[in-house]
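Hi,

Here is the structure I said I would pass on. Have a look at it first, then read my notes underneath.

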Amino acid sequence: MYFPSTHAWSRQETLGEHMERRGVSRRDFLQFCGEICVMLGISQALTPRVAEALQNVRRPSVIWLQLQECTGCVESVLRTADPTIGDLVLDLVSLDYQHTLMAAAGDAAEAALHASMEENHGGYILLVTGSVPLEENGIYLTIGGRTGLEIIREAAEGAAAVIAIGACAHFGSVQSARPNPTGAVGISEIVTDKPVVNIAGCPPIGDVVTATVVHYLTFGRLPELDGDGRPLFAYGARIHDQCPRRAHFDAGQYVEEFDDEGARKAWCLYQVGCKGPATFSPCPIFQWNDHTDWPIGAGHPCIGCTERHFWDTMTPFYKRLPDVAGFGVERNADLFGAAAAIGAVAGVAAHAAATGVHRARQKKAGIPLPVVPDVGGGAPAPSKPSGEEESNG
Amino acid sequence: MAKVVVDPITRIEGHLRIEVQEEGGRIANAWASSTQFRGIETILEGRDPRDAWAFTQRICGVCTVVHAITSCRAVEDALGIEVPPAGGLIRNLVHGMQTVQDHVIHFYHLHALDWVDVVSALSANPAATSQLARSLSPWPNNSATYFAEVQDRVRRFVESGQLGIFTNGYWGHPAYKLPPEANLMAVAHYLEALDWQRDVIRVHTIFGGKNPHPNFLVGGMASAINLEDTGTINAESFSKIQGMIKRARRFVDEVYWPDLLAVASFYKEWASIGGGVPNYLSVGEYPDNGQWRDTDSLYFPRGVIMDRNLSEVLPYDHEKVKEYVTSSWYDYEGGDGVSLHPWDGETVPHYTGPEPPWSYLQDHDKYTWMKAPRYDDRPMEVGPLARALVAYASGHQDTRDVVNDALGRLGVGPAALFSTLGRTAARGVETVLLAKKLEDWFDALVARVRSGDTTTFNGEYWDPSTWPRSARGYGFLEAARGALGHWVQIENGAIKHYQCVVPSTWNCSPRDANGANGPYEAALMDNHPLVDPTRPLEILRTIHSFDPCMACGVHVLDAEGSEVVRVRVQ
């Protein structure tokens with residue numbers, strides 16, 4: 001049920017003052033800050049510091065541009081999980097320009113955009129969904145008679161931070177798939193004089209967007225990013241390493257055909273094309289739509305949508321990834337890191353290799369891995385006979 | 001005569017530009033232009049047809065399931081695959097909930113601000129608002145205290161000086177007619193609907209893993225049913241779904257539908273404004289058994305109405321669907337005078353408009369990325385109104401009951417349906433029916449599972465080695481915004497040709513070779529006021545009544561060796 005806030009956050013007051021006027025108890029506020037710490041993957045011991053920082057922020061302007069896209073990312077943000085967090089984040093910022101929701105249209109809408117850009121020059125957060133078509137001087141996308149290219153350049157110039165939401169803003173997504181008829185590119189191809197955060201996914205989980213904004217407001221800087229501009233707090237782990245069905249992969253228990261015996265026991269989807277072994281995404285951890293479920297949990301293989309150019313590198317979607325062998329998974333998971341540079345997963349090879357090296361080092365040092373029983377002083381579990389490995393590869 | 005431009009049209013999906021000529025407070029002429037092209041059909045060439053649902057799904061993230069299901073239907077049609085009944089029922093639940101959620105979001109978050117003055121809500125009396133709410137519905141959030149809280153929030157929001165998404169709205173425009181209390185009630189429900197929508201849509205998450213863009217599967221659904229496993233569709237999933245359906249229906253019956261009728265009663269003059277194109281098309285929807293080609297099994301019937309003649313429903317023949325590019329930035333080999341069936345469709349973009357930034361497109365013969373689909377060479381309106389009219393005229397009793405009840409309560413006759421208000425009301429009629437229908441499909445699915453039928457997928461022709469060397473098929477579906485068709489040709493296991501004809505292409509279509517306007521344009525030219533050209537609120541009312549979905553509408557898929565031609569900027 002919706003409990004409306006009786007106190008909008010005015011420009012003059014800090015968040016702390018605002019919360020107090022709203023009647024949010026210190027305890028609730030700290031709990032919210034603690035949840036943010038969990039989401040961002042930082043120690044809960046830092047909760048008081050997060051609270052202090054959040055308490056003193058002022059309500060910043062946010063401009064949201066929608067370029068060449070399908071609006072799925074906007075819808076995803078509208079579904080952010082916890083109503084309390086969603087309510088807070090809606091209140092946290094002043095959303096000055098957002099096509100899907102704003103009351104004004106036409107000239108009145110464009111006037112709102114330009115007023116906000118001028119008034120908050122150098123201080124606003126720029127959210128972008130959609131790609132920029134570059135072919136033929138950008139005429140495949142115009143808004144108010146101006147090209148998307150012109151609009152993004154102008155808006156990025158005065159932005160304090162640029163957050164590219166979704167696969168289109170990340171790398172061009174479906175319209176950039178071969179043969180990319182409109183020359184669609186992601187935002188980081190256009191905005192090169194400041195860092196661009198890529199909230200990857202088609203669409204991404206809405207909570208990752210709100211958490212990234214909160215991170216920026218709280219710590220006064222953008223989160224740490226991986227080599228592809230994706231925040232580590234969300235994209236630092238491979239789906240395959242976090243998957244609840246991983247034990248079935250390790251045990252060689254696969255869905256061979258949809259709705260078969262294995263599917264009805266929720267076994268591993270690798271053989272029907274799951275791209276989890278090549279995909280870095282928070283899906284298994286954050287899950288979707290208020291922690292309701294996630295794609296693999298609902299029985300469909302991961303299509304790898306957080307990876308650059310997945311429409312070309314991860315297709316056909318139902319063809320299994322090469323060389324992710326079954327039994328003896330610890331060995332093969334490490335091998336994966338070294339061997340992944342082949343075709344389909346070239347884009348993530350470096351990242352995967354890093355994971356592999358990291359795991360190998362852990363083993364060498366005798367630190368027990370979470371998935372391996374702690375046998376005889378942390379020695380890895382004995383590997384299976386090689387014949388079985390091959391038969392299941 | 002004044003030239004008026006509204007670009008961007010906000011509170012829609014995608015990028016739409018409207019230009020009109022205003023004369024004496026009326027609209028004399030109109031141009032609807034889609035200003036985005038993505039070329040997704042070209043991209044499908046040579047790919048695995050089992051992947052096509054995911055590509056076409058990304059045409060639109062608002063009506064996020066309709067292209068996916070239609071694509072599955074087209075591929076299944078081509079390969080002779082029959083979806084098992086339980087798989088079909090799951091698709092109905094997913095698609096039905098999509099439509100219900102989509103329509104409610106449209107009413108509150110995309111359309112309401114055309115009728116509801118947020119600022120006026122500040123002068124409402126909360127006690128009187130409470131009385132109004134109680135007189136309309138048993139919905140429990142109806143106390144004076146509750147409305148006072150909402151009002152206080154709005155007041156402080158306005159006083160903060162940072163209006164966010166409400167900046168520069170046409171507040172105080174003379175066309176706003178609701179009393180302050182009705183405005184306050186609607187604002188409260190605007191906020192409640194934001195929470196409601198993200199709850200009920202989780203039916204998608206349970207069956208498809210996420211929303212937006214849940215997963216689908218050619219041959220059925222990937223979500224296996226096993227009551228004895230923790231990781232499949234089990235009793236816990238069923239009880240969650242049942243709860244969502246219950247909450248969906250209650251909100252529709254106790255909030256959305258009463259609000260819609262209450263708002264409509266203040267705007268009855270809009271029942272004679274914005275009718276436009278007099279022809280209506282519905283391909284029918286919601287098969288009982290997963291077999292959508294069996295038209296007898298469809299809940300909403302298939303058919304065509306010409307010239308507003310409700311005494312005759314013509315049969316639908318997909319061979320009569322053809323598209324022009326006379327006013328669109330594409331070339332046909334046969335020139336601008338011909339129209340092509342989707343089997344023979346060509347998509348060769350050729351931009352001939354002015355070099356951006358531009359001021360007007362209305363002086364150009366070609367002015368949009370939308371093609372112009374025609375049925376039997378006539379423009380057609382598609383969407384909730386077309387579905388309701390075809391159902392009404394076909395004698396569909398559920399539809400007749402709700403429509404007649406609404407007409408009676410508003411004190412208007414069936415002719416009122418051919419209008420801006422009729423379009424908005426028809427959307428509500430359908431939502432009431434679908435929210436109830438969800439319960440029936442849920443019960444039917446439970447009964448199947450109880451009887452031991454848990455099969456959700458038919459893998460008989462999953463393997464490409466079982467496919468013919470060449471095959472072609474089509475899939476139809478009634479999306480939230482209207483009739484959708486996909487046509488696919490498969491050769492040697494790969495897509496050879498793919499075409500979509502999409503609801504917003506029908507509705508936003510430009511002038512054809514005969515000079516006939518599409519539905520948006522015709523509606524804006526039908527007895528249409530525009531009191532203040534600098535604040536074109538009336539244009540938004542009529543355009544939003546269609547619920548535009550522009551990313552869907554831009555005709556985008558052509559796989560047959562059509563190289564994208566170099567575009568010449570004039």
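A definition before anything else: two residues are in contact here if their C-beta atoms, placed from the backbone, lie within 7 Å. Also keep in mind that this is a predicted model.

Let's start with chain A. It has 17 helices and nine strands, and 55% of its 393 residues count as buried. If you take the contacts in chain A with a separation of 6 or more, 67% of them come from residues 24 or more positions apart.

Now the sheet. Five strands of chain A form an open sheet in the order β2-β1-β3-β7-β9, with parallel pairing. At the edges are β2 (94–97) and β9, each of which pairs on one side only. On average, neighbouring strands in this sheet are turned by 25° against each other, direction ignored.

Here is how some of those strands are joined. Strand β1 (residues 61–66) of chain A runs parallel to β3(A), with five bridges between them, and A:W64 stands opposite A:L127 in β3(A). Two helices of chain A pack on the sheet. Helix α7 (residues 148–157) touches β1, β3 and β7, and its direction makes about 165° with that of β1(A). Helix α9 (residues 206–219) touches β3, β7 and β9, and its direction makes about 150° with that of β9(A).

Strand β7 (residues 159–165) of chain A is worth a look of its own. How many of its seven residues are buried? Six are, so to speak of β7(A) as mostly covered is fair. Strand β3 (residues 124–129) of chain A pairs with β7(A) in the parallel sense over six bridges, and A:I125 has A:A161 in β7(A) as its bridge partner. Strand β9 (residues 196–199) of chain A is also parallel to β7(A), joined to it by four bridges; there, A:V162 has A:V196 in β9(A) as its bridge partner.

Over in chain B, try helix α10 (residues 384–393) and helix α11 (residues 397–410). Their axes come within 8 Å and cross at roughly 110°. Angles of 65 to 115 degrees count as roughly perpendicular, and α10(B) and α11(B) are therefore roughly perpendicular to each other. Their crossing is left-handed. On the α10(B) side, B:A388, B:A391 and B:Y392 meet B:T399, B:R400 and B:V403 of α11(B). By class, that contact has four nonpolar residues, one polar and one charged.

Cheers

Terms used: Residues numbered from 1 in each chain as written. Chains lettered and ligands numbered in written order. Predicted model: local features only at pLDDT ≥ 70, side-chain atom pairs only at ≥ 80, totals over all residues. Axes fitted to C-alpha atoms, helices over the stretch in contact; angles between N-to-C directions. Parallel < 35°, antiparallel > 145°, perpendicular 65-115°, else oblique. Left-handed = near helix turned anticlockwise from the far one by under 90°. Nonpolar A, V, L, I, M, F, W, Y, C, P; charged D, E, K, R; others polar. Buried ≥ 20, exposed ≤ 12 C-beta atoms within 10 Å, placed from the backbone. Pairing = 2+ DSSP bridges.
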